[in-house]
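Reader: I have a protein chain on my screen. Could you walk me through it with short questions and answers?

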Amino acid sequence: MITTTFKRYEKKYQIHEFQLKELMPILLAEMMPDDFTLKNNGYSIYNIYFDTENYDIIRHSLSKPYYKEKLRLRSYAIPISSDDKVFLELKKKIGGIVSKRRATMTLNEANRFISKREYPLEANAINRLVLEEIDNFLDHHVIEPKAYISYDRIAFVGKNDPEFRVTFDCNIKNRQNNLSLEEGDFGNQLLPKDGYIMEIKILGAIPVWLTHALSSLKIYSSSFSKYGNAYTEYRRQGMAKIINMPISDNTELKYYFSN
């Protein structure tokens, strides 16, 4: 979980628990749990996503451009100290190929870098290269924390190809307040209770055995961005509040509907 950089294709599928149970025996014939899943029966991931005041980054991403990028702060445990380890990640997607740049640092160092562009004193060469790329991203975006998203994950790797990964995420929670990792793990659910996001991560083509299994189980690729869905739900709730608001309480709407 501490890989610094990589490039790969990623395909997502929204599935139900019964499909997961039917897929698992087929999956385990060719794959095995990764070390973290094997030791702990899975693990949790906690993220803070950054965006501009007007959500320009995610709005651009949802328009399905050829090139898009996003910045997030990630941890694999709720920080209890400013010295706890976190990961500052810049994720890019160019023509379907996903690349990730990840810098490892303490929570305090991450906060100081994001707010003041202050590099950690003991950053190694690789971390510094990643931070320089993130610094360039910050030159073009005035950002602030916009969403907290967490989820539980089980992950599998190919028996003959450790770079081939399949992950299953569930219990996806999000919130738009208390936007720091140390605030704890709580928020609204993004999926039904029996829902999972399956993600295939591979350098080349999906193996034939997996393609056949997905087809037989009627599991079809679907675009699902956790941050994108959190933003869409946030906007939907905001519009619902406006629609239900008495027109007399909203001068702009009153003017609009009367003209």
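The questions below go from the whole chain to single residues.

Reader: What kind of model is this, and how many helices and strands does the chain have?

Author: This is a predicted model. Helices and strands both occur in it. The count for the chain is eight helices and 10 strands.

Reader: What percentage of the residues count as buried?

Author: A residue counts as buried when its relative accessible area is under 20%. The chain has 259 residues. The share that counts as buried is 44%.

Reader: How much area does the chain expose, and what share do carbon and sulfur atoms supply?

Author: The exposed area of the chain is about 14,300 Å². Carbon and sulfur atoms supply part of that area. Their share is 52%.

Reader: Which helix or strand gives the most to the largest nonpolar core?

Author: The largest nonpolar core has 24 residues. Strands S3, S4, S5 and S6 and helices H4 and H5 each supply at least two of them. The element that gives the most, with five residues, is H5.

Reader: How many residues are in the second core?

Author: This core is separate from the largest one. Its members include Leu20, Cys170, Ala213 and Ile219. The second core has 21 residues.

Reader: Which residues of H5 does Leu71 contact?

Author: Leu71 is among the residues with the most contacts inside the largest core. Leaving aside neighbours within four places in sequence, its contacts include Ile48, Leu88 and Ile143. H5 covers residues 125-140. The contacts of Leu71 that fall in that range are Ile134, Phe137 and Leu138.

Reader: Is strand S4 mostly covered or mostly open, and how many of its residues are buried?

Author: S4 covers residues 67-75. The strand is mostly covered. Of its nine residues, the number buried is seven.

Reader: How many bridges join S4 to S3, and how many join S4 to S5?

Author: S4 runs antiparallel to S3, with Arg74 as the bridge partner of Asn47. S4 also runs antiparallel to S5, and there Glu69 has Lys92 as its bridge partner. Five bridges join S3 to S4. For S4 to S5, the number is eight.

Reader: Which residue in S5 belongs to a nonpolar patch on the surface?

Author: The patch is formed by Tyr66, Tyr67 and Ile94, with about 320 Å² of accessible area together. S5 covers residues 85-94. A patch residue needs over 30% relative accessible area. The patch residue in S5, partly exposed at 36%, is Ile94.

Reader: Is Thr52 buried or exposed?

Author: Thr52 sits in the loop between S3 and H3. Beyond residues up to four places away, Thr52 touches Ile57, His141, Val142, Ile143 and Lys146. Its relative accessibility is 8%, and the limit is under 20%, so Thr52 counts as buried.

Reader: Are Asn41 and Lys64 buried or exposed?

Author: Asn41 is in the loop between H2 and S3, and Lys64 is in the loop between H3 and S4. The cut-off for exposed is over 50% relative accessible area. Asn41 has 70% and Lys64 has 59%. Therefore Asn41 and Lys64 are exposed.

Reader: What is the phi of Asn41, and what is the phi of Lys64?

Author: For Asn41, phi is positive in a residue other than glycine, near 60°. Lys64 is also a residue other than glycine with a positive phi. Its value is near 60°.

Definitions and conventions:
Residues are numbered from 1 along each chain as its sequence is written. This is a predicted model: local features need pLDDT of at least 70, side-chain atom pairs count only at pLDDT 80 or more; totals for chains, interfaces and linings use all residues. Side-chain values use heavy atoms; hydrogens and water are left out. Patches are made of residues with over 30% relative accessible area and no salt bridge: like charges are joined within 9 Å, nonpolar side chains (Val, Leu, Ile, Met, Phe, Trp, Tyr) within 5 Å. Accessible areas come from the Shrake-Rupley method with a 1.4 Å probe; for residues, only the protein chains shown count as cover. A salt bridge is a side-chain nitrogen of Lys or Arg within 4 Å of a carboxyl oxygen of Asp or Glu. Helices (H or I, at least four residues) and strands (E, at least two) are DSSP runs, numbered from the N terminus. Buried means under 20% relative accessible area, exposed over 50%, partly exposed in between (1.4 Å probe, protein chains only). A nonpolar core is a set of buried Ala, Val, Leu, Ile, Met, Phe, Trp, Tyr and Cys residues joined through side-chain atoms within 4.5 Å. Contact means heavy atoms within 4.5 Å. Two strands pair if DSSP finds at least two bridges between them.
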